[in-house]
Amino acid sequence: MSTSSDEGCSTNQEQKRYKGIRCRRWGKWVSEIRVPGTQDRLWLGTYTTPEGAAMAQDVASYCLRGAVSLHKLNFPNMLPPTARIDLSPRSVQKAASDAGMAMDARLIASRETTTVNYDDRSAKEGEGLSISVDDYL
């Protein structure tokens with residue numbers, strides 16, 4: 001019986017690992033954070049991409065710990081305007097979840113756009129080639 005939580009993930013040792021996230025066996029990425037000064041944990045959500053979970057972790061870490069956490073963030077230059085240090089734990093949870101979901105949506109949309117653009121290009125190239133038998137005679 002395997003106890004590894006990375007079985008369903010498409011990561012390997014060479015891929016960058018983000019701080020504060022883990023992968024479920026079925027391939028979804030999750031994030032949670034401990035509230036400073038307590039033993040309570042805030043569940044930050046389940047995400048399709050590791051970047052989405054890492055963004056949620058960053059927002060929550062910044063909101064709970066302030067500027068002292070900046071050097072420990074996964075994406076220190078990408079904090080959204082909703083990341084403020086004067087939020088309640090419930091508001092931190094919502095801001096982190098929103099940021100993570102937005103990152104997920106952006107990455108998934110860019111993957112779909114790349115696939116659609118490739119398919120559109122090949123269709124347009126095929127349309128531009130209208131050669132008949134008469135052209136060869």
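**Helices, sheet and side-chain pairs of the chain**

With a rise of 1.5 Å a residue, the 16 residues of helix 1 should span 22 Å, and the C-alpha atoms at the two ends of this helix are 22 Å apart, in agreement with that expectation. The model described here is predicted. Of the 16 residues of helix 1, 14 are buried, so the helix is largely enclosed by the rest of the structure. After helix 1 comes Gly-66, a residue with a positive phi near 80°.

The chain as a whole contains 2 helices and 3 strands. Along the sequence these elements follow the pattern β-β-β-α-α. The chain has 137 residues, and 31% of them count as buried. Where contacts join residues at least 6 apart in sequence, 43% of these contacts are between residues at least 24 apart.

The strands form an open sheet of 3 strands in the order 1-2-3, and the pairing is antiparallel. Strand 1 and strand 3 (41-47) are at the edges; each has a single partner strand, so one side of each has no neighbour in the sheet. On average, neighbouring strands of the sheet are turned by 25° against each other, with direction ignored. Strands of a sheet pair through backbone hydrogen bonds, in either a parallel or an antiparallel arrangement.

The pairing of strand 1 with strand 2 is antiparallel and covers 3 bridges. Within this pairing, Ile-21 is placed opposite Ser-31 of strand 2. Helix 1 (residues 50-65) packs on the sheet and touches strand 1, strand 2 and strand 3. The direction of helix 1 makes an angle of about 10° with that of strand 2.

Strand 2 and strand 3 also run antiparallel, and 6 bridges join them. Ile-33 has Leu-42 in strand 3 as a bridge partner. These two strands, strand 2 and strand 3, make a hairpin in which 6 residues lie between them. The turn of the hairpin includes Gly-37, which has a positive phi of about 85°.

Charged side chains were considered next. The count of salt bridges comes to 3. Glu-32 and Arg-22 form one of them, with the closest N and O atoms 3.2 Å apart. Because Glu-32 lies in strand 2 (residues 29-34) and Arg-22 in strand 1 (residues 21-23), the pair ties together parts that are 10 residues apart in sequence. Glu-32 is partly exposed, at a relative accessible area of 22%, and Arg-22 is partly exposed as well, at 32%. The value for Glu-32 stands at 22%, and the residue is not classed as buried because that class requires under 20%.

Another salt bridge joins the side chains of Arg-84 and Asp-86, with an N to O distance of 3.1 Å. Arg-84 is partly exposed, with a relative accessible area of 42%, whereas Asp-86 is exposed, with a relative accessible area of 57%.

Asp-98 and Lys-94 also form a salt bridge, in which the closest N and O atoms are 2.9 Å apart. Both residues belong to helix 2 (residues 89-128), where they are 4 residues apart, and so are separated by about one helical turn. An α-helix has 3.6 residues a turn, so residues three or four places apart point the same way. Asp-98 is partly exposed, with a relative accessible area of 40%. Lys-94 counts as exposed, at 52% relative accessibility.

Aromatic side chains were treated in the same manner. The count comes to 1 aromatic pair. This pair consists of Tyr-18 and Phe-75 and is tilted, at 5.4 Å from centre to centre and with 45° between the planes. The pair links distant parts of the chain, 57 residues apart: Tyr-18 is in the segment before strand 1, and Phe-75 is in the loop between helix 1 and helix 2. Tyr-18 counts as buried, at 16% relative accessibility. Phe-75 is likewise buried, with a relative accessible area of 14%.

Note on methods. Residues are numbered from 1 along each chain as its sequence is written. This is a predicted model: local features need pLDDT of at least 70, side-chain atom pairs count only at pLDDT 80 or more; totals for chains, interfaces and linings use all residues. Side-chain values use heavy atoms; hydrogens and water are left out. A salt bridge is a side-chain nitrogen of Lys or Arg within 4 Å of a carboxyl oxygen of Asp or Glu. Buried means under 20% relative accessible area, exposed over 50%, partly exposed in between (1.4 Å probe, protein chains only). Two strands pair if DSSP finds at least two bridges between them. Axes are lines fitted to C-alpha atoms, for helices over the stretch in contact, and angles run from 0 to 180 degrees between N-to-C directions. Contact means heavy atoms within 4.5 Å. The expected span of a helix is 1.5 Å times one less than its number of residues. Rings of Phe, Tyr and Trp (its six-membered ring) pair if their centres lie within 6.5 Å; planes under 30 degrees apart count as stacked, over 60 as edge-to-face and the rest as tilted.
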